[in-house]
Amino acid sequence: MCDPTIMAIASMASGVADVMGQASAQAKQKQSYDEWFAMQEKNRAEQNRKQEESRKLAEAAREQALAGVSAPSQAKAQDAEQARLDAYLQSQSGPLLDKTPTGAGETTSVADKFLLAGQQSGDDVFKSDLAAKINQAARDARGRIAALATAGSFGNSSGGLDNFTTDIFQKGAQTIDMANEFRRGDLAVYGTQQAVNPVTWTYTPGIRL
Amino acid sequence: MGGKAHADNKQIVEEQKRQAKDAALKEAQRQQRIKVGLKRIGYAFEGQPVMKTATGTFDWKGFDPKKPTVGLPAGYSAVQVDDPNYKAATTTGTDAIGGIGETDNWGVGGLDRFGNQTIKPPAGQTLGSGTRATRGGNFTYDPASDHRGVQLAGSAGGGGTAAGTAPKVWAIKGPDGKLHYQTDGSFNWKTSTDTGKRKGGFDDKFYNEYGQAITDYYDPQVASQYDDAQRELTYRLARAGTLQSSAANTEVADLAQQNAVNMGAIANKADTAVGDLKAKVASEKQKAISQLYATENPDVAANQATAAVRDISLQQPDLSPLAQLFNIAAVGGANILRGYNNQQMIGNFESGLPPSAGSGRIIPA
């Protein structure tokens, strides 16, 4: 049999050790939680930064697209396209517009280019009459082609508003899609980071005497 | 006997951390692949930018810290960085926290017996950011204090990096990330800038050729119909005996106007077809981008883009023959009857009229 006094002292010593051990475990647990919290805080801040970066990228693209399709921007684009298309169509419209000068200084010599077989022998009065009518026809044709260019520039000509606005929206959407794709990926990563648990500490008491 | 504190889930947490780290790395790589893929798709459709290389020598004498961006080559930037020539003094401490020069006897590595950090640098010094110390020496607790240890005689501490911060200096950072310090003197730079031109892709030449092919197909048809219409008008006017008349001129001018408007309409048709082609190109680009996101693999996306480019290049306009474009005045039919009636009228009053001088004489305005 052991001496009861020794047993009591041993028990007390063991108790003191347990208290100290528990305190140590608590300190380690606290440190573990602190580390986990700091890590989560860092991840959250990093995630916020990335989300904000992507959001700004998307927002900038959206604003740029909006500015691009604004009324003044479309009006400017339509004007430019109308001028381009008008010049292109006029240049492709054959001899009437090629050979006939515009505005003042119209010449009667244009009549020669349009004479039918058997008309060459016509006198000056005849030719002058033809020249006047040809010049009038050229003015009318220019007017109609200009109207065609105007109509086309509002619609589906190669640089018309159909293509213009579609292109702007498409480019904006591509940047927004990319930003969203990055946000989606970053959020998935954040999910895995959030799922990381803190290390948990347990104190196992010693043998009681 | 005393117990023991142990971590229950350390291995699990380590695995979770590893997975989170892997996920972050994979996502960074995925985003990089998407960026590269988008760039390649852009090159396939819009062409690769034509770069211009320029070289020169940068002289620090012209550098003004108040205007650090002035005079820098394109792609280079002025940055303030730690002085690379700053030498951090390394000391060998004689205590636990070797390197910061403490003279008193602190506990092992600055830890108190509860494991809390108790390092406090001496007045006038701050802890360096480098390796604090190679801990050395043997310590025991100071019985007079819970927080301090006593270094055992004959056990020296380890070395460490001295406290302090390197001063900032200006450097020029190149596009490749290389730093050129002022102390190194002048340096040669090489930079490439975008000329604004593009090589490959769907350029104006491509679209112009497409439009030209359409007008080249239709214009001869219009010209042929115009010739036919002129010939038919000539016959009709001649049959009516009004070839050299004001009415004939009206019809000639009308045909010329119709021809101009028809050719303009053909050009407009070609331009609209070019617009459709541009829309198709944009649509194919969008498909390639969608596929990039689906695969997240730039190579697959580039292949898709190349296939789309090939398909578009094989695209043919819908070229159907033109219908009858010109309206010719019914000069002949109407005038045959009128001519007959006129002859009758002339016959009736022939005796009272001067000799006939022909029909359709132009009356000057």
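**Chain B and its contacts with chain A in a predicted model**

In this predicted model, residues 91-119 of chain B keep a pLDDT under 50 throughout, and the model has 96 contacts beyond four places in sequence for them. A second stretch of chain B, residues 125-141, also stays under 50, with 65 contacts beyond four places in sequence. Where pLDDT is low, the predicted coordinates should not be read in detail. The average pLDDT of chain B is 74, and 63% of the residues reach at least 70. For the model, the scores are ipTM 0.83 and pTM 0.68.

With that caution in mind, a newcomer can turn to the overall make-up of the chain. Chain B contains five helices and 10 strands. Of its 365 residues, 24% count as buried. Among contacts in chain B between residues at least 6 apart in sequence, 75% link residues at least 24 apart.

A good place to begin is the open sheet of chain B, in which three strands follow the order S3-S8-S9 with antiparallel pairing. The edges of this sheet are taken by S3 and S9 of chain B, each of which has a single partner strand, so one side of each is left without a neighbour in the sheet. From one strand to the next, the twist averages 45°. Strands of a sheet pair through backbone hydrogen bonds, either parallel or antiparallel.

The individual pairings can be followed residue by residue. Six bridges connect strand S3 (residues 77-82) of chain B with strand S8 (residues 168-173) of chain B in the antiparallel sense. Here B:Ser77 has B:Lys173 as its bridge partner in S8(B), while B:Ala78 is partnered by B:Ile172. S8(B) also runs antiparallel to strand S9 (residues 179-181) of chain B, to which three bridges join it. B:Lys173 appears again in this pairing, with B:Leu179 as its bridge partner in S9(B). S8(B) and S9(B) form a hairpin with five residues between the strands, and in this hairpin B:Gly177 adopts a positive phi near 90°.

Helix H1 of chain B offers a simple check on its geometry. H1(B) has 37 residues, which at 1.5 Å a residue should span 54 Å; the C-alpha atoms at its ends are 53 Å apart, which agrees. Several residues of H1(B) are buried, among them B:Ala20, B:Glu27, B:Ile34, B:Leu38, B:Ile41 and B:Phe45. B:Gly37 and B:Arg40 are also buried in this helix. An α-helix has 3.6 residues a turn, so residues three or four places apart point the same way. Just after H1(B) comes B:Gly47, with a positive phi of about 90°.

The two chains meet through 59 residues of chain B, which are in contact with 66 residues of chain A. On the side of chain B that touches chain A, the elements giving two or more residues are strand S1 (4-7), helix H1 (10-46), helix H2 (204-240) and helix H3 (246-295) of chain B. H3(B) supplies the largest share of this side, with 25 residues. By residue type, the side of chain B that touches chain A divides into 28 nonpolar, 22 polar and nine charged residues.

Strand pairing also crosses between the chains. Strand S1 (residues 201-204) of chain A pairs with S1(B) over four bridges in the antiparallel sense. Within this pairing, the bridge partner of A:Trp201 in S1(B) is B:Ala7.

Technical notes:
Residues numbered from 1 in each chain as written. Chains lettered and ligands numbered in written order. Predicted model: local features only at pLDDT ≥ 70, side-chain atom pairs only at ≥ 80, totals over all residues. Pairing = 2+ DSSP bridges. Contact = placed C-beta atoms within 7 Å. Nonpolar A, V, L, I, M, F, W, Y, C, P; charged D, E, K, R; others polar. pLDDT = per-residue confidence, 0-100. Axes fitted to C-alpha atoms, helices over the stretch in contact; angles between N-to-C directions. Expected span 1.5 Å × (residues − 1). Buried ≥ 20, exposed ≤ 12 C-beta atoms within 10 Å, placed from the backbone.
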